[in-house]
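Visitor: I am new to this structure and would be grateful for a close look at one chain. Please describe its parts and where they make contact.

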Amino acid sequence: MIKNFKALIRREFWEHRGAFIKTPIIISIVLLVIAIIGYIIGLVFASKTGSTEFVDKGINELHKLSETQLGTFWDVQLISTSTLFLFVLYIVLFFFILGSLFDDRKDGSIQFWKSLPISDSETVLSKLITAMIFVPLVFTAIFVLYSIANLVLTSILLMFHGQNPWSLVWIPANIGKVTLIMLMGALTQMLWALPIYGWLMFSSSWSKRRPFLFAIFIPLLVAVAWYFLNVVTRMNFAQVDMFKWPAKYFMFAALPYGSISLGDNGMSLNDIASNLKASIMHVEIIYGIIFAAVFIALSIWVRRYRNTT
Amino acid sequence: MTQIIKATNLSKSYGKFQALKNINLTIGKGKIVGLIGPNGAGKTTLLKSLLGLTAYDGDLEVMGISPFKERAKLMEDICFIADVAVLPDWIKVNEVLDFVEQTHPKFSRTKAESFLKKTKLGAKQKVKSMSKGMVVQLHLAIVMSIEAKLLVLDEPTLGLDIIYRKDFYDNLLNDYFDNERTIIITTHQVEEIEHILTDLLFIKDGEIVLDANMEELTEEYFEVMVSSENYEDAMSFKPLQSRKVFGKHVMLFKHPNRGELEALGEVQRPGVADLFVAMLKEEDAA
């Protein structure tokens with residue numbers, strides 16, 4: 001049982017190496033390259049104007065900051081990058097799940113998978129667990145590596161200009177805490193996104209040709225029908241409010257930190273952490289889990305009894 | 001347990017269409033059974049029932065297990081190749097070996113690797129970069145390394161070059177088959193497999209029209225090369241089928257007495273394909 005799960009999850013990583021591992025690595029590299037290019041542009045600018053004022057000014061600004069302010073400076077950088085990582089993670093998982101029970105039917109390899117002594121529940125659940133736990137962990141791990149690389153790069157540049165990276169970078173930056181917050185963010189995201197994942201999984205197993213269209217249009221149709229039902233029966237044209245509720249799931253799934261403002265008068269890392277804790281306590285999460293459970297059970301059922309070739 | 005498969009009143013309908021009609025069937029250990037029938041006769045439905053991939057009415061036991069209820073468990077003792085090229089594009093040779101090794105308790109990796117050594121496949125090679133024949137070699141290497149009691153092959157050589165097709169069955173017979181194992185094969189190229197079959201099942205319109213072993217068949221059915229002068233005589237024996245080849249009539253008879261037929265001309269063992277066509281005609285006429 002456990003052995004099967006291990007093999008099945010590894011299998012997902014073989015198939016989706018690009019999306020699960022290369023994507024966050026590429027984001028990291030792009031961000032680092034952008035930082036280097038920014039620095040080089042600064043140098044070019046400095047050499048053209050004949051003064052190093054530009055660079056010196058920046059360093060002076062850093063020195064003016066108190067240790068707390070320096071901390072905030074790094075928090076803003078790291079938290080916003082982790083927001084980007086979590087957003088991309090959500091997009092990656094969206095399409096992974098959408099294809100998870102469809103791709104092997106499209107290429108016929110379902111016949112091979114079904115010829116092995118693995119139950120359909122194991123197959124479906126392994127894909128869900130991959131999306132819920134393992135891919136977020138990989139993204140977080142690569143985020144940590146990126147953060148360290150970013151700080152090392154900055155330190156090198158600072159040393160190049162005769163600065164002490166220890167006091168400017170390594171003491172104020174909170175990689176550990178930010179990582180913890182990212183993990184909490186990933187958990188929050190996973191809980192809010194569960195009903196979406198459940199629906200996508202069902203679309204993936206149910207749809208005969210175009211899971212994407214199925215996944216998008218059925219909810220749209222329901223929404224439109226619901227809207228007009230309200231318009232007709234209650235003469236209530238201003239029914240925008242009712243879409244706020246489902247929108248919440250999408251919002252937290254895409255941007256789990258919610259709306260945050262960092263900076264001098266903004267939130268501290270602890271504030272974000274307690275916000276995340278609070279958002280997990282919403283009763284909507286329970287509804288979401290129930291919805292997800294129903295549709296995942298349906299996905300297993302369809303995979304077991306209908307999707308045989 | 002000498003009976004591998006036991007079906008009693010096995011039926012399956014898709015809406016109004018009855019794909020299988022009250023099939024009764026037993027298949028014993030150590031047989032190589034050819035399941036032959038025209039398109040839409042119910043071959044694939046029958047195989048899918050055996051493999052636990054579809055629900056059915058009636059009773060079906062495969063090695064004492066009810067296939068649809070316990071597919072995953074059954075797959076420990078069954079292997080199947082359904083059509084070719086069902087291995088996923090993205091997988092590498094060593095990955096598929098890893099996966100089967102971890103999930104299949106009766107898989108021997110050493111065996112699979114020794115089969116693969118005879119091919120040109122490399123450990124890091126992706127299925128995407130393989131020809132159809134190579135994919136089948138890989139799939140066959142895996143299947144032959146599983147200690148399964150029943151092997152089900154559904155058109156295993158469809159779309160393969162003739163060289164691979166011949167190798168496929170040679171490997172199967174030499175390296176895999178023994179009296180402890182049972183193989184069920186469906187194919188349109190009957191002539192390729194008739195020399196390895198021990199039993200024949202003809203299926204038509206969801207019914208088994210013939211369930212016989214090859215030896216019985218060769219005692220009852222004969223193909224005779226009848227020359228023109230014996231034509232009238234031969235016709236009185238009511239051949240199932242007659243065709244003209246090089247001025248001689250090749251006739252197919254169902255007859256208990258070989259001696260009587262030998263008087264008409266040279267007697268041969270009939271081909272399964274001819275036999276099948278003749279029997280279908282016989283059915284239609286009846």
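Guide: The bounds of a domain, as used here, come from an automatic or database domain assignment. The model itself is predicted, and the chain to consider is chain B. Its assignment gives domain 1, covering 3-205, and domain 2, covering 216-285. Between the C-alpha centres of these two domains of chain B lies a distance of 34 Å.

The two domains of chain B nevertheless touch: 8 residues from domain 1 and 8 residues from domain 2 take part in the contact. On the domain 1 side, the elements of chain B that give two or more residues are β3 (32-36), α7 (190-193) and β8 (199-204). Of the elements on that side, β8(B) gives the most, with 3 residues. Sorted by class, the side of domain 1 of chain B that touches domain 2 has 4 nonpolar, 1 polar and 3 charged residues.

Chain B also meets its partner, chain A. In this contact, 23 residues of chain B touch 21 residues of chain A. On the side of chain B, at least two residues each are supplied by α2 (71-74), β5 (78-82) and α3 (93-103) of chain B. The most come from α3(B), which gives 5 residues to the side that touches chain A. By class, that side of chain B has 14 nonpolar, 4 polar and 5 charged residues.

In summary, β8(B) gives the most to the side of domain 1 that touches domain 2 of chain B, while α3(B) gives the most to the side of chain B that touches chain A.

Key
Residues numbered from 1 in each chain as written. Chains lettered and ligands numbered in written order. Predicted model: local features only at pLDDT ≥ 70, side-chain atom pairs only at ≥ 80, totals over all residues. Contact = placed C-beta atoms within 7 Å. Helix = DSSP H or I, 4+ residues; strand = E, 2+ residues; numbered from the N terminus. Nonpolar A, V, L, I, M, F, W, Y, C, P; charged D, E, K, R; others polar.
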